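Open the model in a viewer and keep the selection panel at hand. The stops below go from the domains to single side chains.

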Amino acid sequence: MGKANRKSKTMADLADRHALYQESVQNSEFELDFIDEIFKEQRGRPALSMREDFCGTAISAVEWVERGKDRTAIAVDFDAEVLGWGEKHNMSRLTPEQRGRLEVLEADVLEVETAKVDVIQAYNFSYWFFQERATMLHYFRQVRKALVDDGILFLDIFGGSECYQTQKEKRKLDGFKYIWEQAEFNAVTNELKCHIHFHFPDKSKYKKAFSYTWRVWGARELREILIDAGFSETVIYRQKFDPKTDEALDEYIATDDAEDYACWLGYLIAKP
Ligand SMILES: C[S@@+](CC[C@H](N)C(=O)[O-])C[C@H]1O[C@@H](n2cnc3c(N)ncnc32)[C@H](O)[C@@H]1O
């Protein structure tokens with residue numbers, strides 16, 4: 001490679017999209033704290049076994065086994081590339097003993113059969129890839145089968161008028177900007193096409209680092225499908241807002257009460 005060529009590499013050219021994703025989208029420490037706290041509160045015992053569906057780089061499963069010698073995890077994703085990245089950058093930091101408590105499966109979550117676990121988590125709205133009610137029902141049935149009797153399914157969810165429109169949201173992070181784009185919305189089918197872009201201080205851009213096509217599901221319908229799949233109870237934990245500034249807080253409360261919010265984030269849990 002010539003000197004000119006080396007010089008022409010931008011920050012975007014050198015960026016690692018999975019590392020940027022972990023830094024900007026995921027907060028596995030917070031999410032695992034939430035699972036630990038809610039499981040203990042609801043079941044009166046600690047959760048020990050966890051399956052991470054749509055695991056991507058499996059960072060959450062890795063942190064789970066790091067949280068204690070009595071903990072086991074199963075991580076499931078059907079994309080060999082992202083699992084390979086996770087193996088190299090996340091699983092590699094585990095000791096052989098910790099790695100022995102983590103099973104990584106390259107498989108479709110609609111088909112995979114695993115041992116029963118205390119917790120299944122499916123985060124970052126990945127279950128919204130499933131667009132048909134029948135497919136969502138099948139997924140929830142599969143998950144129900146893979147939970148112990150006093151297990152809990154943890155999903156994340158969002159709602160509010162802003163879900164149903166195109167928009168861009170920017171966040172400044174350490175050394176780059178994260179851009180969430182809702183690029184296209186079909187007001188008949190509720191199909192939403194979204195992208196994640198990363199922008200850098202040298203003005204270079206990593207456009208469409210990740211793209212998703214989701215159906216925007218309503219909380220009520222999801223809860224009905226969970227009940228149809230054999231779950232007995234569901235709870236929504238909705239993000240709290242500062243009553244003075246209306247700013248979203250990192251606190252979640254069990255409630256069905258939601259005003260005319262433009263955008264709310266939350267967790268939907270389901271108990272067998
Ligand atoms: C948005 S990432 C989610 C990563 C991580 N769970 C998180 O919370 O950020 C979605 C992942 O789901 C995986 N995926 C999509 N459909 C799947 C399916 N049917 N079975 C298994 N993995 C799937 C993709 O390969 C991708 O790695």
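Start by colouring the two domains: the centres of domain 1 and domain 2, taken over C-alpha atoms, are 22 Å apart. Select 18-159 + 218-271 for domain 1 and 162-214 for domain 2; these bounds come from an automatic or database domain assignment. This is a predicted model, in which local features need pLDDT of at least 70 and side-chain atom pairs count only at pLDDT 80 or more, while totals for chains, interfaces and linings use all residues. Residues are numbered from 1 along each chain as its sequence is written, and side-chain values use heavy atoms, with hydrogens and water left out.

Next, show the contact between the domains (heavy atoms within 4.5 Å). Domain 1 gives 15 residues to this contact and domain 2 gives 15 residues. About 1,400 Å² is buried between domain 1 and domain 2, with 69% of it on carbon and sulfur atoms. Buried area here is the accessible area (1.4 Å probe) that two parts lose on being put together, summed over both. Now select Leu-20, Ser-24 and Gln-131: they supply 34% of the area that domain 1 buries against domain 2, more than any other three residues.

Which elements give two or more residues to the side of domain 1 that touches domain 2? They are helix H3 (17-24) and strand S5 (147-159); H3 makes the largest share, 5 residues. Helices (H or I, at least four residues) and strands (E, at least two) are DSSP runs, numbered from the N terminus.

How many salt bridges are there between domain 1 and domain 2? The count is 0, where a salt bridge is a side-chain nitrogen of Lys or Arg within 4 Å of a carboxyl oxygen of Asp or Glu. By this rule the total for the structure is 20 salt bridges.

Select Asp-36 and Arg-67, whose closest N and O atoms are 3.0 Å apart in a salt bridge. Asp-36 is in helix H4 (residues 28-43), and Arg-67, 31 residues away in the chain, is in the loop between helix H5 (59-66) and strand S2 (72-77). Asp-36 is buried at 18% relative accessibility, and Arg-67 is partly exposed at 29%. Buried means under 20% relative accessible area, exposed over 50%, and partly exposed in between (1.4 Å probe, protein chains only). Add Asp-33 and Arg-71 to the selection to display a network of salt bridges linking Asp-33, Asp-36, Arg-67 and Arg-71.

Move to Asp-118 and Arg-45, a salt bridge with closest N and O atoms 2.8 Å apart. Asp-118 is in strand S4 (residues 117-122) and Arg-45 in the loop between H4 and strand S1 (49-53), so the pair ties together parts 73 residues apart in sequence. Asp-118 is buried at 7%; Arg-45 is partly exposed at 24%.

Then select Cys-163 and Cys-263. Why is there no bond from Cys-163? The closest cysteine sulfur, in Cys-263, is 5.9 Å from the sulfur of Cys-163, too far for a bond. The structure holds 0 disulfides (pairs of cysteine sulfur atoms within 2.5 Å). Cys-163 is buried at 2% relative accessibility.

Finish at Asp-246, in the loop between strand S10 (233-241) and strand S11 (248-254). Asp-246 has a positive phi of about 70 degrees although it is not a glycine, and is exposed at 56% relative accessibility.
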